[in-house]
Amino acid sequence: MSVGAVYVPNRYLIHLGIEDFERFEGLIPTLQEEFGSLLSRSAAERRWHFPGALVVEFAEDAELAPGRFEVRAEHDADAVAHQAPESRVRDVLRLTGSQPPKEWVLDSGRLVMGRLPACEVSLNDANASRQHAELVKREDGWWLVDLDSTNGTFVNGSMVKERRLGPGDRIQIGSSKLEFVTEPVPPVPPKAPPAEVPEPTQVVSNPLNAD
């Protein structure tokens, strides 16, 4: 630590009552980021320093009434900043205006688009060529490549021979209009518990003695 530098606490523990903690639990990652940004800006403006990584944590305290909170701050040179979980995304090609909606998850390195049923992206479109265009995954993303189609391939209204796609790009092949979308991977629904199989009923024969 340099002489004359001002060091301020870098670990902040914010206590909430049980009711408030449950209400804000889903917002805690956002609150951590916003509170951390506020502390960083304030320290930079005053030329203060943190002895370690800036850490903001939330905890519940049964002794705190609703609407009240308590902040505890301490110096911790060994603190390690929390890392937000990596968000998983996927690329999707969506046929717009179709009923029911139709989409293709781009999970392979090459997909051919056209009116042939054998195409990975098969379009019921008489104005599309049999093999009209292809989507190719390269190091810098997905590229749309025209396969010498009769009516051409369009991205955002412009005819292209090949074009790297970005989220929200609109593609037209024949009369079909599609959209290239990058979206979060939907969560996997929890498995249903196995159904209980009733035990077989045992029938005991107890014939009456005839006189």
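This briefing covers the overall fold, the surroundings of Ser176 and one pocket. The model is predicted. The protein chain contains 16 strands and two helices, and 31% of its 211 residues are buried.

**Overall chain**

- Among contacts in the protein chain with a separation of 6 or more, 54% link residues that lie 24 or more positions apart.
- The exposed area of the protein chain is about 15,200 Å², and 52% of that area comes from carbon and sulfur atoms.

**Ser176 and its surroundings**

- Ser176 belongs to strand S16, which covers residues 176–184.
- Ser176 has a relative accessibility of 10%; because buried means under 20%, Ser176 counts as buried.
- The side chain of Ser176 makes a polar contact of 2.7 Å with the side chain of Asp125.
- When residues up to four places away in sequence are left out, Ser176 is in contact with Leu95, Leu123, Asp125 and Ile171. Asp125 is thus named both in this set and in the polar contact.

**The second largest pocket**

- The volume of the second largest pocket is about 160 Å³.
- Strand S2 (11–16), helix H1 (18–24) and helix H2 (28–46) are the elements that each contribute two or more residues to the lining of this pocket.
- The lining consists of Ile14, Leu16, Asp20, Phe24, Leu31, Phe35, Phe58 and Phe69.
- By residue class, the lining of the second largest pocket holds seven nonpolar residues, one charged residue and no polar residues.

Notes:
Residues numbered from 1 in each chain as written. Predicted model: local features only at pLDDT ≥ 70, side-chain atom pairs only at ≥ 80, totals over all residues. Heavy atoms only, no water. Helix = DSSP H or I, 4+ residues; strand = E, 2+ residues; numbered from the N terminus. Buried < 20%, exposed > 50% of the residue type's maximum accessible area, 1.4 Å probe, protein only. Contact = heavy atoms within 4.5 Å. Areas by Shrake-Rupley, 256 points an atom, 1.4 Å probe, with all protein chains shown as cover. Polar contact = N/O pair within 3.5 Å; in protein donor to acceptor, adjacent residues only side chain to side chain. 1 Å grid on protein atoms, 1.4 Å probe; cavity = no way out; pocket = protein on both sides within 12 Å on 5 of 7 lines; lining within 4 Å. Points joined across faces, edges and corners; volume = space filled by probe spheres on them. Nonpolar A, V, L, I, M, F, W, Y, C, P; charged D, E, K, R; others polar.
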